[in-house]
Amino acid sequence: MRIRKPLSVGLVTTLSLILVSCGGTSTPMPVTQPTAESSLTEQQTATLSSLEKVDDYPLYTMHYYGSSADGISFSTDSNPSSIWGCSLFAAMGGEDKFYGRNFDWEMSPALLLFNHPTDGYDSVSMVDIAYLIGNNADALTDLPIEQRLALLDAPALPFDGMNERGLAVGMAAVPSAEMKIDPANETIDSLMVIRKMLDQAEDVDEAVAILRSYNIEWGSGPPLHYLIADRSGRAVLAEFYQGELRLLPNDQPWHLATNFLRSAVSGSPNGQCSRYDRLEQGLSSVGGEINSTDAMDLLSEVSQPSTQWSVVYGINTGDVIVSMGRQYDKIHEFNIIQSNQASTAAPTADSELSAYAFPESIDPTAKYLFYLHGRIVEDQGIHAVSPDFGEYQHMAILEKFSSHGFAVISERRPKNADSMKSAERVVGQVKALLDAGVPAKNITVVGASKGAAITIEVSHLLENEEVNFVIMSICYPDTVAEFMRNGTSLYGNVLSVYDFADTEYAGSCKKLFEYSEGRGLARHDEIMLQVGTGHGILYQPLDEWVIPVVEWANGK
């Protein structure tokens with residue numbers, strides 16, 4: 001029995017983890033759960049509350065917010081089997097590029113983890129949660145949050161994944177991996193290095209640079225090699241052979257790997273592994289140009305009785321397609337951006353806002369209104385108070401919109417939330433509504449101050465000429481100039497609202513409207529109020545601005 005080191009020292013692996021990697025015979029023991037059960041942060045509460053079961057195999061989804069876990073230990077029986085069987089490929093020949101992976105081992109309850117780090121790229125990855133909670137994983141969503149704490153360590157265990165930039169990474173076990181230890185480099189676990197790549201690398205070159213910057217520890221799991229691909233059509237198989245990091249780039253519009261060291265084979269690799277040969281045949285016959293269905297079919301052809309999951313990542317679409325336990329007639333589809341639960345800016349756990357969360361069930365006949373608050377709510381919460389303008393009546397504003405018949409969606413952003421990530425989150429939610437059949441004209445995004453800046457980015461990123469937008473108290477001349485320097489133009493039906501006395505933060509959006517004409521801007525207008533409280537108009541649901549917003553959302 002071997003006790004794993006704490007993550008803070010370097011999650012010594014994959015715990016036999018990969019003992020895993022493609023085959024092992026031992027059953028992992030549950031790890032010790034983190035302490036401080038009664039002092040969860042808002043981000044931790046949001047993370048554990050997002051857990052959903054989507055397949056009885058089981059397969060769960062969860063959205064993780066904040067920094068990765070840093071304090072668990074693993075306990076595992078370390079007798080890796082000599083029978084391994086993972087298959088990976090990157091198909092780069094078409095306009096749409098795909099990364100496919102079979103994970104073959106013993107029974108593995110799985111988690112599809114949407115990770116939203118505070119200082120890195122968003123990503124999605126598959127995790128074998130037997131190493132966190134054991135094999136008794138059939139009813140995790142029935143457990144109270146304090147009994148799900150081990151899942152907070154899931155970001156440290158990506159077996160394969162893709163980030164928002166289209167970088168895809170997967171691993172497979174190999175018989176050996178020899179690398180020289182550089183005392184100047186930090187030593188980390190063989191799965192944690194995948195997390196580093198997903199969080200920090202935009203393309204193959206950056207991923208390789210990360211690999212070079214660490215000593216990789218295999219621990220009690222088998223040695224690994226890594227297949228890495230990006231949106232440019234480049235892919236590389238990274239192996240440790242004869243004390244060196246060997247990089248084998250693709251010389252065709254595809255790449256692949258199974259469970260032998262390609263670096264150890266001189267000449268053609270054909271005949272080393274039947275699964276490798278079948279993948280090579282399938283990809284070469286079509287020049288690496290396949291669709292997502294073809295990709296899953298190819299994984300089906302090389303699957304084995306021990307295949308736990310098959311996953312296809314759409315490198316340039318963000319799509320994620322999963323089949324559990326060779327149930328290829330039962331496919332689960334997700335998207336790293338468009339998932340109606342995807343988040344690029346962690347929502348907080350304000351209980352009062354729960355009624356205004358993104359709906360679990362979308363009504364295509366409803367009219368939806370997103371309300372994006374000002375920055376003071378990030379800093380102080382939904383009952384924020386300004387010494388100049390008084391209480392920010394967030395809840396009263398939402399209730400006012402609801403009274404006009406809208407299905408209102410509003411979350412409190414975390415402090416110092418990244419505006420672009422917040423915009424990407426809303427874009428994903430709007431697209432989820434559109435995909436569910438909600439007409440674009442029945443969707444309105446209203447933003448106040450910083451929320452208005454985010455709304456402008458949503459309009460630009462969404463590129464939909466029928467969605468409605470209201471931007472309130474944002475167009476200070478310097479702010480408009482910065483949007484134009486960045487090439488940010490408006491799309492859709494856009495109403496600007498500000499008070500004549502708001503000379504410190506706001507102004508006319510006329511120049512931004514002019515800049516956006518001919519680029520997707522449709523119906524647009526501007527209202528300068530004569531209330532006289534300046535930026536303070538945002539703090540109360542005044543009829544002077546609420547009624548025009550309601551009329552705009554209704555197409556009037």
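# Notebook: a look through the predicted model

**Entry 1. The loop before β3.** I began at proline 58, which I found in the loop between β2 (52–55) and β3. The model I am reading is a predicted one, and I keep that in mind for every value below. The peptide bond leading from tyrosine 57 into proline 58 is cis, and I noted an omega near 20° for this bond.

**Entry 2. Around helix α2.** Staying in this part of the chain, I looked up threonine 41, which sits in the loop between α1 (7–10) and α2. Its relative accessibility is 40%, so I list threonine 41 as partly exposed, the class that runs between 20% and 50%. I also took the distance from threonine 41 to glycine 66, and their C-alpha atoms are 9.9 Å apart although the two residues are separated by 25 residues along the chain. Which residues of helix α2 (residues 42–49) are buried? I wrote down Ala46, Thr47 and Leu48. When I asked what covers the buried residues of α2, I found that β3 (59–65) is included in that cover.

**Entry 3. The chain as a whole.** I then stepped back to the totals. The protein chain has 556 residues, of which 59% count as buried, and I counted 14 helices and 27 strands in it. Taking the contacts between residues at least 6 apart in sequence, I found that 75% of them join residues at least 24 apart. The area that the protein chain exposes is about 21,000 Å², and 45% of it is supplied by carbon and sulfur atoms.

**Entry 4. Nonpolar cores.** The largest nonpolar core holds 80 residues, and the members that touch the most others are Met126, Ile129, Val193, Met197, Leu211, Tyr226 and Ile228. Another core, of 37 residues, lies apart from that one, and I noted Leu372, Ala453, Val458 and Val494 among its members.

**Entry 5. The parallel sheet.** Next I traced an open sheet of 6 strands, which run in the order β23-β20-β24-β25-β26-β27 with parallel pairing. Why do β23 (407–409) and β27 (521–529) each have one side without a neighbour in the sheet? Both stand at the edges, and each has a single partner strand, so one side is left without a neighbour. On average, neighbouring strands of this sheet are turned by 15° against each other, with direction ignored.

Within the sheet I followed one pairing more carefully: strand β20 (residues 368–372) pairs with strand β24 (residues 443–448) in the parallel sense, over 5 bridges. Tyrosine 371 has valine 446 in β24 as its bridge partner. Two helices that pack on the sheet went into the same entry. Helix α9 (residues 394–403) touches β20 and β23, and its direction makes about 165° with that of β20. Helix α10 (residues 419–435) touches β20 and β24, and in this case the angle with the direction of β20 is about 175°.

**Entry 6. Positive phi.** I looked up two residues that have a positive phi although neither is a glycine. Serine 449 lies in the loop between β24 and α11 (450–462), and its phi is about 55°. I count serine 449 as buried because its relative accessible area is 18%, and the class takes in values under 20%. Arginine 326 is in the loop between β18 (319–324) and β19 (332–335), with a phi of about 65°. Is arginine 326 buried or partly exposed? At a relative accessible area of 37%, I enter arginine 326 as partly exposed.

**Entry 7. The disulfide and another cysteine.** I closed with the cysteines. The structure holds 1 disulfide, formed by cysteine 475 and cysteine 509, whose sulfur atoms lie 1.9 Å apart. That distance passes the cut-off, because a disulfide is called for sulfur atoms within 2.5 Å. The torsion about the S-S bond of this pair is about 95°, so I record the disulfide as right-handed. The pair links distant parts of the chain, 34 residues apart: cysteine 475 is in the loop between β25 (468–472) and α12 (477–485), while cysteine 509 is in the loop between β26 (492–499) and α13 (510–516). Both partners are buried, cysteine 475 with a relative accessible area of 2% and cysteine 509 with 1%. I also checked cysteine 273, which is buried with a relative accessible area of 11%.

How values were computed: Residues numbered from 1 in each chain as written. Predicted model: local features only at pLDDT ≥ 70, side-chain atom pairs only at ≥ 80, totals over all residues. Heavy atoms only, no water. Helix = DSSP H or I, 4+ residues; strand = E, 2+ residues; numbered from the N terminus. Buried < 20%, exposed > 50% of the residue type's maximum accessible area, 1.4 Å probe, protein only. Core = buried A, V, L, I, M, F, W, Y, C linked by side-chain atoms within 4.5 Å. Pairing = 2+ DSSP bridges. Axes fitted to C-alpha atoms, helices over the stretch in contact; angles between N-to-C directions. Contact = heavy atoms within 4.5 Å. Areas by Shrake-Rupley, 256 points an atom, 1.4 Å probe, with all protein chains shown as cover.
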